[in-house]
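Dear colleague,

Please find below the structure for your review. My notes on the domains and on the ligand site follow it.

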Amino acid sequence: MSHVNTDVLIIGAGPSGCVSAAYLHRQGINVKVVEKSQFPRFVIGESLLPRCMDHFQEVGLLDCLKAEGFEVKPGARFLRDDIVCHFDFSKKHTDGWDWTWQVPRADFDNALAQELIKKGVDIAFQHEVVDVVFNDDGSSQTTIKNAEGEAYQVNAKFIVDSSGYGRVLPRLLGLDKPSSMPEHSSIFTHVKDLNRPEGKEGTMITFDVLDKDTWFWVIPFSNGITSLGFVGKNEFIDSFEGTTTERMKQMIETSEYYKKRFSGLDFEFDPICIRNYSKAVTKFYGNGFVLTGNSAEFLDPVFSSGVTFATESALCSAKLIAKQLQGETVDWEKEYADYITYGVDVFRTYVEEWYTGNLQTLFFHRPENPDIKKQICAVLAGYVWDKTNPFVRKHKRIVANLAHLINMEKEQANS
Ligand code: FAD
């Protein structure tokens, strides 16, 4: 079998793999990216958070994205019955980006990958990792199959697994563990948004809350296409009959707010259903490898944290890999696992409290408290490491406690 040598092998050219490759390449470290599919390819995860703009900027990938003219996302809207909760990223507790994008991922990921190729990064498309063997010193031999089905070997000093739902190393090394999140599923597609209203109403990203456990996303893109997706318990998805197209058409009728806009539109592709989408692993790193992005953990789409976590973990680990390859000692537990776990745990609380209904109580309580809103907005913008924000620092208690107070006030008012 033929072989090639590299310092760092990166598995997957999604946002996580691209940010990792961009940082390491800038440091003069030899990287090889292997990507199973041919780009552009579809992947879900279209609503970004302001925090990830910091990552793209730091690794020199922001300008290529700006050139694509993606739809700007200045905030997010949540609807329940007749109440609207609108977060404006320019009104948030933490300093940072006050906008981001809502993107068709095929174009977005392709723009990142093409920019990396322009910068001289070696990306092999339609090359799939099928096996890996680690040596005691952390170096590895990875077996890869190219588009013709021929196998070759990559010898690397370090591996970054950014394979998303491919979950290459969790599968090969037995690192998967059941997620602590409730078992939820999603069904989604794209439509040509022929009835899109003029102005903000047409382009605003919206989460239409159908009930405590079930919600509908509407993510308009600048190319006239809109992404539609339903998320709920498995029983919700299973309560509709027929093909995914038939089921999705019935689901659209359940949205009082949107049924007029989207009823009767043809889907751009048969709706895709992902069951039990939450994923977790027993560890985020090991001798000679690190897991980043979805390959490490995925919680839930409700706060659009997936891509931001993918780029945060990619950038953080790339810095540590560079240090290690330069001969410095890295404390992977403290500098990577603990850091990433902190942010993931903040989001975990918000996702859990969304589905307990406590966070929804805060979102839809009137009148709104502007200070609390700014603090929650900073979390929803992805600034989940800012401990000056009480909604970060005290995340485990604050949402539940406030919801409890609101519910007590309501009970007293009704008695
Ligand atoms: P990916 O973007 O999945 O990239 C991984 C790459 O690895 C792929 O290109 C794949 O082809 C490649 N690969 C896989 N196996 C191999 C192999 N064996 N060899 C070589 N290459 C391989 N996130 C958001 O931020 N916003 C959202 O609105 C959002 N909505 C979501 C909705 C749903 C229903 C779900 C399930 C997820 C959503 N996410 C969202 C999460 C988002 O999809 C991921 O967090 C994000 O794509 C992770 O990026 P990544 O770079 O880790 O992986």
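A polar contact here is a pair of N or O atoms within 3.5 Å. Please note also that the model is predicted.

I begin with the ligand. At 2.6 Å, an oxygen atom of the ligand and an N or O atom in the side chain of Glu-35 fall within that limit of 3.5 Å. Two backbone approaches involve nitrogen of the ligand: a nitrogen atom is 2.7 Å from a polar backbone atom of Ser-47, and a nitrogen atom is 3.0 Å from a polar backbone atom of Lys-36. On its own the ligand has 1,000 Å² of accessible area, and the protein covers 95% of that. There are 37 residues around the ligand, of which Glu-35, Ile-44, Ser-47, Asn-294 and Val-307 come nearest.

I turn now to the domains. The protein chain is divided into two parts: domain 1 comprises 3–71, 99–178 and 278–343, while domain 2 covers 184–274. Their centres, taken over C-alpha atoms, are separated by 30 Å. To the contact, domain 1 contributes 15 residues and domain 2 contributes 19.

What is the area buried between domain 1 and domain 2? The value is about 1,300 Å², and carbon and sulfur atoms give 65% of it. On the side of domain 1 that touches domain 2, there are seven nonpolar, four polar and four charged residues. Zero salt bridges are found across this interface, whereas five residue pairs are in polar contact there, with both residues at pLDDT 80 or more.

With kind regards

Methods. Residues numbered from 1 in each chain as written. Predicted model: local features only at pLDDT ≥ 70, side-chain atom pairs only at ≥ 80, totals over all residues. Heavy atoms only, no water. Domains from an automatic or database assignment. Contact = heavy atoms within 4.5 Å. Buried area = accessible area lost by both parts, 1.4 Å probe. Salt bridge = Lys/Arg side-chain N within 4 Å of Asp/Glu carboxyl O. Polar contact = N/O pair within 3.5 Å; in protein donor to acceptor, adjacent residues only side chain to side chain. Nonpolar A, V, L, I, M, F, W, Y, C, P; charged D, E, K, R; others polar. Near = heavy atom within 4 Å. Areas by Shrake-Rupley, 256 points an atom, 1.4 Å probe, with all protein chains shown as cover.
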